[in-house]
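Subject: Handover of a structure and the findings on it

Dear colleague,

Please find below the structure that I am handing over to you. The findings follow after it, and I would ask you to read them with the structure open.

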Amino acid sequence: MYTRSVTFDELTAEEQLALAGLVRLMVRMDGQFTPDEVIAVSTLAKDIGATRFWSMMTDAQTMETEELSDHVAAIQRPEVREWMYGVLVGLAAVDGIDSAETELLDWLMDVWQLG
């Protein structure tokens, strides 16, 4: 799903909230939260060792798009950007990447200057 595993505690508070917001957004892009996506998000939470991950997911639920954009743009560490991008590609691929998910991934490529 993603290359190097990062623990939630290695992320700054800004990065944690951005990750949670992006994960929430990605799994909702196609209009449904499929059983495969549930498993993928649960696996991600387990892999990064984050008991706070689920709390951040709740916090991210109330974020407006502009606020999420600000958190995403504030991420400066290239290794974190690349890791998060890999996480999101993996989540999108679980049930097939649709056009809305591609749009989000393309936006991230642009904002984070990946590629």
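Helices are DSSP runs of H or I with at least four residues, numbered from the N terminus. In that numbering, Q113 lies in the segment after α6. Please bear in mind throughout that this is a predicted model.

**The segment after α6**

Q113 has a phi near 55°, which is a positive value in a residue other than glycine. Most residues other than glycine have a negative phi. Is Q113 buried or exposed? Q113 is exposed, and its relative accessible area is 71%.

**The nonpolar core**

The largest nonpolar core contains 38 residues, and those that touch the most other members are L19, V23, F53, W83 and W112. Two or more residues of this core come from each of α1, α2, α3 (52-61), α4, α5 and α6. L19 may serve as an illustration: leaving out residues up to four places away in sequence, L19 touches F8, L11, I48, F53, W83, M84 and V87.

**Helix α1**

The 16 residues of α1 should span 22 Å at 1.5 Å a residue, and the end C-alpha atoms of α1 are 23 Å apart, which agrees. The buried residues of α1 are E15, Q16, L17, A18, L19, A20, G21, L22, V23, M26 and V27. Among the elements that cover these buried residues are α2, α3, α4, α5 and α6.

One residue of helix α1 to look at is G21. G21 is buried, with a relative accessible area of 5%. Beyond residues up to four places away in sequence, G21 touches A60, M63 and L68. From G21 to S42 there are 21 residues in sequence and 15 Å in space, C-alpha to C-alpha.

**Helix α4**

Helix α4 covers residues 65-73, and L68, H71 and V72 are buried in this helix. Why are they on the same side of α4? They cover an arc of only 100° around the axis, and this places them on the same side of α4. An α-helix has 3.6 residues a turn, so residues three or four places apart point the same way. The cover over the buried residues of α4 includes α1 (13-28) and α6 (99-111).

**Helix α5**

Helix α5 has 16 residues and reaches 22 Å from its first C-alpha to its last, close to the 22 Å expected at 1.5 Å a residue. In α5, the buried residues are V80, R81, W83, M84, Y85, G86, V87, L88, G90, L91 and A92. They pack against α1, α2 (35-48), α4 and α6.

R81, in helix α5 (residues 78-93), deserves a separate look. R81 is buried yet has no salt bridge, and the nearest side chain of opposite charge, that of E15, is 8.0 Å away. Apart from neighbours within four places in sequence, R81 is in contact with A73, I75, Q76, W112 and L114.

**The loop between α2 and α3**

A50 is found in the loop between α2 and α3. A50 is buried, with a relative accessible area of 8%. Setting aside neighbours within four places in sequence, A50 is in contact with F8 and A45. A50 and V80 are 30 residues apart in sequence, and their C-alpha atoms are 16 Å apart in space.

**Salt bridges**

Side chains of opposite charge can pair when their charged atoms come close. How many salt bridges are there? The count comes to two.

One of them joins R52 and D9, whose closest N and O atoms are 3.1 Å apart. This pair links distant parts of the chain, with R52 in helix α3, D9 in the segment before α1, and their positions 43 residues apart. R52 counts as partly exposed at 40% relative accessibility, whereas D9 is exposed with a relative accessible area of 57%.

The side chains of R77 and E15 also meet in a salt bridge, at 2.5 Å from N to O. Here too distant parts of the chain are linked: R77 is in the loop between α4 and α5, E15 is in helix α1, and they are 62 residues apart. R77 counts as partly exposed at 29% relative accessibility, while E15 is buried with a relative accessible area of 4%.

Yours sincerely,
A colleague

Terms used:
Residues are numbered from 1 along each chain as its sequence is written. This is a predicted model: local features need pLDDT of at least 70, side-chain atom pairs count only at pLDDT 80 or more; totals for chains, interfaces and linings use all residues. Side-chain values use heavy atoms; hydrogens and water are left out. Buried means under 20% relative accessible area, exposed over 50%, partly exposed in between (1.4 Å probe, protein chains only). The arc is that of the directions from the helix axis to the C-beta atoms. Contact means heavy atoms within 4.5 Å. Lys and Arg count as positive and Asp and Glu as negative; His and the chain ends are not counted. A salt bridge is a side-chain nitrogen of Lys or Arg within 4 Å of a carboxyl oxygen of Asp or Glu. The expected span of a helix is 1.5 Å times one less than its number of residues. A nonpolar core is a set of buried Ala, Val, Leu, Ile, Met, Phe, Trp, Tyr and Cys residues joined through side-chain atoms within 4.5 Å.
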